[in-house]
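Here are a few exercises to work through with the model open in your viewer. Try each task on your own before you read the solution.

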Amino acid sequence: MNINRNFLQLKDGYLFATVAQKTKAYAAAHPEKKVIRLSIGDVTRPLAPAVIRAMHAAADDMARKETFKGYGPDFGYAFLVDAIRAYYREKGVCLDYDEVFVSDGAKSDCGNILDIFGEDNLVLVPDPVYPVYVDTNLMAGRRIVYLNANEQNGFLPMPDPAVKADIVYLCSPNNPTGAAYTREQLSAWVSYARERGAVILYDAAYEFFVTDPACCRSIFEVEGAEECAIELCSLSKTAGFTGVRCGYTVVPKALVRGGVSLNKLWARRQSTKFNGVSYVTQCAAAAVFSEEGMRECRENIAYYRKNAACIAACLDSLGIWYTGGKNSPYLWMKCPQGMTSWEFFDRLLEEANVVGTPGSGFGRNGEGYFRLTAFGDAAETEEACRRMAAWLRK
Ligand code: PLP
């Protein structure tokens, strides 16, 4: 028998493991020091009360013969699909019922969606990038070309007509850089994809953080995107569902390649390989989209946004170049004094007892940059900023 040898091309997932191991070693050697983590990509605020109430009520439904639920509909309960459609209508996007596919999160769908594409497609991935896009394509043996995101283009690279890609990954607001494309910039990507017959895989996991009216919260706000894009979204960051697990993928019916509807292919794939998201989770997800749920989720986002503003103010006062922090929980800073990403990591840990994520772990263009997150505790974030500023002003 043969194994899938493409797996042997994958690099070890050493970034977060090394961050954790270095942090642990430092804390063990200096038990008197309080280490603050601005490295976490996970949320820390508890679920909204409206969500918790819905989960309890759903658990009670499962306890009664009359309301018990077994297997649910393949693509999500109608009450959730309709809530998602109403959420999109507020963004000015009309979705048909069968264009929305409820999932257990964006990470799984980022990988799963590749089932519907041929292995000989050329994949365009920005660098730096959320590592899942690269690894899932390497596993399938696809060729990848990298698109340079850098300080010159504000970490928002634009299409190059000379690059003949078939699948294009865009993540906006971006992990790790926090940069967000404007509607006009996304329009240029939509034109590129339509001219080439390419498909954009648009990761909107951080859309709820967008405040700038010039930026989009869905690629379908751009005219023509329904003919060239698939949108992957998640309640992980919107509503703190990282541990609950619920997301959704939008595959428009207007998206046709090689005379075949990608919506039909995805429906076929999902009904074959996926058995849906639990009833309790879908009730919780529907509560996110209720008036009360939305208000409570916005309060949590406002909390993180304050942290982001605090970090941004600190970087501004130090004259350090950065992107993000406005439409995103991530800030992507240039390492001061020409340090490499790992040099800055080590010095920040030793001098300020603060942990962040080295940019070089997200790709070649991440070298010399560093990711800080706003997902932490407010008082700790303020303290981390004070320490970092005191160290760098020395
Ligand atoms: N997409 C991006 C860009 C992310 O940063 C993350 C998680 O950090 C995900 C997707 C995964 O989201 P989920 O929790 O829905 O799997």
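Two strands count as paired here if DSSP finds at least two bridges between them. Keep in mind that you're looking at a predicted model.

**Exercise 1. A pair of strands and the helix between them**

Task: Work out in which sense β3 and β4 pair, and over how many bridges.

Solution:
- Start by finding the two strands: β3 covers residues 122–127 and β4 covers residues 143–148.
- Now check their sense: they pair in parallel, over six bridges.
- To anchor the register, pick V125, whose bridge partner in β4 is Y146.
- Then add helix α5 (residues 131–139): together with β3 and β4, α5 makes a β-α-β unit, and the unit is right-handed.

**Exercise 2. An open sheet**

Task: Find the strand order of the open sheet of four strands, then say which strands stand at its edges.

Solution:
- Reading across the sheet, you get β11-β12-β15-β14, with antiparallel pairing.
- The edge positions go to β11 (322–324) and β14 (357–358); each has a single partner strand, so one side of each has no neighbour in the sheet.
- For the pairing of β12 (residues 330–334) with β15 (residues 369–373), count five bridges in the antiparallel sense.
- One of the matches to look for is L331, whose bridge partner in β15 is L372.

As a reminder, strands of a sheet pair through backbone hydrogen bonds, either parallel or antiparallel.

**Exercise 3. Two cavities**

Task: Search the whole structure for cavities of 30 Å³ or more, and describe the lining of each one.

Solution:
- The search turns up two of them.
- Take the largest cavity first: it holds about 70 Å³ of space.
- Its lining includes P126, P128, F155, C171 and Y181.
- Sorting that lining by class gives nine nonpolar residues, two polar and no charged.
- Next comes the second largest cavity, at about 50 Å³. Among its lining residues are V43, R45, K237, C297 and Y304.
- By class, the second largest cavity has five nonpolar, three polar and two charged lining residues.
- Which elements contribute at least two residues each to this second lining? They are α7 (236–239) and α10 (291–318), with α10 giving the largest share, four residues.
- Why does the second largest cavity lie between domain 1 and domain 2? Because domain 1 (13–42 + 293–392) and domain 2 (49–289) both give residues to its lining.

**Exercise 4. The largest pocket**

Task: Describe the largest pocket by its volume, its lining and the domains that supply residues to it.

Solution:
- The volume comes out at about 1300 Å³.
- There are 48 lining residues, and the closest to the pocket's centre are F16, Y130, P131, V132 and F362.
- Sorted by class, the lining has 23 nonpolar, 13 polar and 12 charged residues.
- Elements that each supply at least two residues include α1 (14–29), α4 (106–112) and α7. The strands β3 and β4 from the first exercise also do so, as does α5.
- As for domains, domain 1 and domain 2 each provide at least three lining residues.

**Exercise 5. An aromatic pair**

Task: Classify the aromatic pair formed by Y88 and Y248.

Solution:
- For background, the structure holds 26 aromatic pairs.
- For Y88 and Y248, the ring centres are 6.1 Å apart and the planes are at 80°.
- An angle over 60 degrees counts as edge-to-face, so that's the class of this pair.
- Then locate both partners: Y88 sits in helix α3 (residues 78–90) and Y248 in strand β8 (residues 247–250), so the pair links distant parts of the chain, 160 residues apart.

**Exercise 6. Backbone oddities**

Task: Inspect the peptide bonds from D127 to P128 and from N175 to P176, then look at the phi of R245.

Solution:
- From D127 to P128 the bond is cis, with omega near 10°; P128 belongs to the loop between β3 and α5.
- From N175 to P176 the bond is also cis, with omega near 20°. This time the proline is in the loop between β5 (167–171) and α6 (183–196).
- R245 isn't a glycine, yet its phi is positive, at about 80°. You'll find R245 in the loop between α7 and β8.

Definitions and conventions. Residues numbered from 1 in each chain as written. Predicted model: local features only at pLDDT ≥ 70, side-chain atom pairs only at ≥ 80, totals over all residues. Heavy atoms only, no water. 1 Å grid on protein atoms, 1.4 Å probe; cavity = no way out; pocket = protein on both sides within 12 Å on 5 of 7 lines; lining within 4 Å. Points joined across faces, edges and corners; volume = space filled by probe spheres on them. Nonpolar A, V, L, I, M, F, W, Y, C, P; charged D, E, K, R; others polar. Domains from an automatic or database assignment. Right-handed = clockwise from strand over helix to strand, strands pointing away. Phe/Tyr/Trp six-rings, centres within 6.5 Å; stacked < 30°, edge-to-face > 60°.
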